[in-house]
Amino acid sequence: MAVLNDERRLQIETAVDIVAVPAIGADPEKTWIDEDAKAPWLLSELTKFIQNVRVILIDHGRMGPQDDLESLAHRLLKQLLQERQATSPRRPIFFICHSTGGLVAKAALVAASQKTSNIESIWSSCYGIAFLASPHFGSSYLSAPEFTNSIHHLMRLKHHIPLGMQELFKPRHPYLLRLWSQFKSISADMKLWSFLETLDSEISIVDHETGTAVEMHVPITSIRSGILDFEHEKVIPLTADHIGTACFKGQELTTRLNFINELQSSISMAVRLSKMNDAPMGVDQEVMIQVSGFFEDTARPHWTSLAMSG
């Protein structure tokens, strides 16, 4: 189920979709709410500066043992198609993703790029994506069963993550490496932001010998895992822990505003591009092509003229 800023959407005509993808199992609204705030900053702050956007807050929903990143990706695509059925397929899309939500968004865009139906428009209309502490190459703490309860508490998850899906979060899991390669091949024209956590998070593990909890301070998504290492990627370290990155917690006010300003600039460009008609090639109906075929005697080429109809 997707939650939208419906009341505001009725008042202002929007031209762009901002798709907010929380961590897998996380609350679609609470993820984006500052400690002292009552509403997600995507609705209260971002829409104040960029008024032509419709914000879609994605809810991954309850998951079963059979669910994996592929099933969540198709669930996301289905939600977006439903929300966008009354709008143009060329309507620009930007994703803002926290933690493992970035993996779901990447899988969804890769899947959409391989379709010929309306789903393909989700990828072709995507102009940018911001990753907030997304573990592109996995995380030891998100994947290890012994940390499951502590991670669930730390990230305030509303749904449990199936063990089979946790397995995919292992560092440098073959699926993650393949997803990275596939996403690289389809994202050359997208604006990419990667925000990194630089403060450790506090988690605990039970010592089976003593039965006591041992506290640990660790980075949930390491810096190496949080960077795609693409040429057109912009990397921004944040002085925040894993959860704090979703709201730019502890940053100067200008940090989030700078991102909003950059996003606004990209949105303006995307809106202009989306309104441009596909230009015809303007070639003649018939083109004469001269083909040079070289055989054993390379000094005497064989010339053939072919007529091709356009």
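A nonpolar core is a set of buried Ala, Val, Leu, Ile, Met, Phe, Trp, Tyr and Cys residues joined through side-chain atoms within 4.5 Å. In this predicted model, the largest such core has 55 residues, and those that touch the most other members are Ile24, Leu69, Phe95, Leu109, Ile129 and Phe183. Helix 4 supplies the largest share of this core, with 9 residues. A second core, separate from it, holds 30 residues, among them Leu46, Ile96, Cys247 and Ile267.

Helix 4 itself runs over residues 101–113 and reaches 18 Å from its first C-alpha to its last, close to the 18 Å expected at 1.5 Å a residue. Of its 13 residues, 12 are buried, and these include Lys106 as well as Leu103, Val104, Leu109 and Val110. The elements that cover the buried residues include strand 2 (16–21), strand 4 (93–98) and strand 5 (126–132), together with helix 3 (69–83), helix 5 (120–124) and helix 9 (174–186).

Ile24 can be followed from the core back to this helix: leaving aside neighbours within four places in sequence, Ile24 is in contact with Gly101 and Val104, and its other partners include His60, Met63, Leu69, Leu72, Leu157, Ile161, Met165 and Phe169.

The cysteines deserve a separate look. A disulfide is a covalent bond between the sulfur atoms of two cysteines, and the structure holds 0 of them. For Cys126, the closest cysteine sulfur is that of Cys97, and because the two sulfurs are 8.8 Å apart, they are too far for a bond. Cys126 is nevertheless buried, with a relative accessible area of 6%, and Cys247 also counts as buried, at 8% relative accessibility.

Notes: Residues numbered from 1 in each chain as written. Predicted model: local features only at pLDDT ≥ 70, side-chain atom pairs only at ≥ 80, totals over all residues. Heavy atoms only, no water. Helix = DSSP H or I, 4+ residues; strand = E, 2+ residues; numbered from the N terminus. Expected span 1.5 Å × (residues − 1). Buried < 20%, exposed > 50% of the residue type's maximum accessible area, 1.4 Å probe, protein only. Contact = heavy atoms within 4.5 Å. Disulfide = S-S within 2.5 Å.
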